[in-house]
Amino acid sequence: MPDIDPDQDLDLSLLNEIADGSDEFIVESIDMFVEQTPDMLKAVSDLIAQKEWLNAGLAAHKIKATLGFFGMLETQSLIQQVELACKAGGQNPYEIIVKFNKAKANIATNTATLIRLREETQAKL
């Protein structure tokens, strides 16, 4: 398993518990995250840019469970704040964008770590 910076918002305990020793499950789970998350983030970003607040909130909601699965609790909280602020009508767009950009940066860092983990795990198969 790659080293995870202690300050990084990534805890793979739940993934490992659910995988119950199955390296295939870990690889498949990471593959799904890497494939689906960029599209979900782009959807939220596009909807925020278009000021379609309710739809942006609904799109942000879809990301939360995935983040929890990978132990990205700080990022999950940021996405939830974005979701709620959007659903409330986007009263402070600047704050929404700042929080969303922080979440995207966290996800980018975590994705790089997850890709390294996937490669290491796949090498064992």
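Contact here means heavy atoms within 4.5 Å. Helices (H or I, at least four residues) and strands (E, at least two) are DSSP runs, numbered from the N terminus. Everything below comes from a predicted model, where local features need pLDDT of at least 70, side-chain atom pairs count only at pLDDT 80 or more, and totals for chains, interfaces and linings use all residues. Residues are numbered from 1 along each chain as its sequence is written, and side-chain values use heavy atoms, with hydrogens and water left out.

**View 1. The whole chain, for orientation.** The protein has 5 helices and 0 strands, so from the N terminus on the order reads α-α-α-α-α, going by DSSP runs. Its C-alpha atoms fill a box of roughly 50 × 25 × 20 Å along the principal axes. The radius of gyration is 15 Å, which agrees with the value near 14 Å for a compact globule of 125 residues; it is taken over C-alpha atoms, and the globule rule is 2.2 Å times the number of residues to the power 0.38. Of the 125 residues, 39% count as buried, and that word means under 20% relative accessible area, with exposed being over 50% and partly exposed in between (1.4 Å probe, protein chains only). If you take contacts between residues at least 6 apart in sequence, 69% of them join residues at least 24 apart.

**View 2. Helix α4 and its buried side.** α4 (73–87) has 15 residues and reaches 21 Å from its first C-alpha to its last, close to the 21 Å expected at 1.5 Å a residue. That expected span is 1.5 Å times one less than the number of residues. The buried residues of α4 are Thr75, Leu78, Ile79, Val82, Glu83 and Cys86. They cover an arc of only 140 degrees around the axis, so they sit on the same side of α4; the arc is that of the directions from the helix axis to the C-beta atoms. What do they pack against? The partners are α2, α3 and α5. After α4 comes glycine 89, with a positive phi near 105 degrees.

**View 3. Helix α3 and its neighbours.** Covering residues 53–69, α3 has 17 residues and spans 26 Å from first C-alpha to last, close to the expected 24 Å. Its buried residues are Trp53, Ala56, Gly57, Ala59, Ala60, Ile63, Lys64, Leu67 and Gly68. These pack against α1, α2 (23–49), α4 (73–87) and α5 (93–124). Just past the end of α3, glycine 71 has a positive phi of about 65 degrees.

**View 4. Charged pairs within helices.** Side chains of opposite charge can pair when their charged atoms come close. The whole structure holds 6 salt bridges, each being a side-chain nitrogen of Lys or Arg within 4 Å of a carboxyl oxygen of Asp or Glu. One of them joins lysine 87 to glutamate 83 at 2.7 Å, N to O. These two are 4 residues apart in helix α4, so about one helical turn separates them. Which of the two is buried? Glutamate 83 is, at 3% relative accessible area, while lysine 87 is partly exposed at 37%. Lys64 joins in as well: Lys64, Glu83 and Lys87 are linked in a network of salt bridges. Over in helix α2, lysine 42 pairs with aspartate 46, their closest N and O atoms being 2.7 Å apart. Lysine 42 is partly exposed at 49%, and aspartate 46 is partly exposed at 30%.

**View 5. A salt bridge across the sequence.** The side chains of aspartate 23 and lysine 124 meet at 4.0 Å, N to O. Aspartate 23 lies in helix α2 and lysine 124 in helix α5, so the pair ties together parts that are 101 residues apart in sequence. Lysine 124 is exposed, with a relative accessible area of 60%.

**View 6. The segment before α1.** Glutamine 8 lies in the segment before α1 (13–19) and is buried at 14% relative accessible area. Its side chain makes polar contacts with the side chains of asparagine 110 at 2.8 Å and threonine 113 at 2.9 Å. A polar contact is a pair of N or O atoms within 3.5 Å; within protein, one must be able to donate a hydrogen and the other to accept it, and residues adjacent in sequence count only if both atoms are side-chain atoms. Leaving aside residues up to four places away in sequence, glutamine 8 touches Thr109, Asn110 and Thr113. Proline 6 is found in this segment too, but is exposed at 79%.
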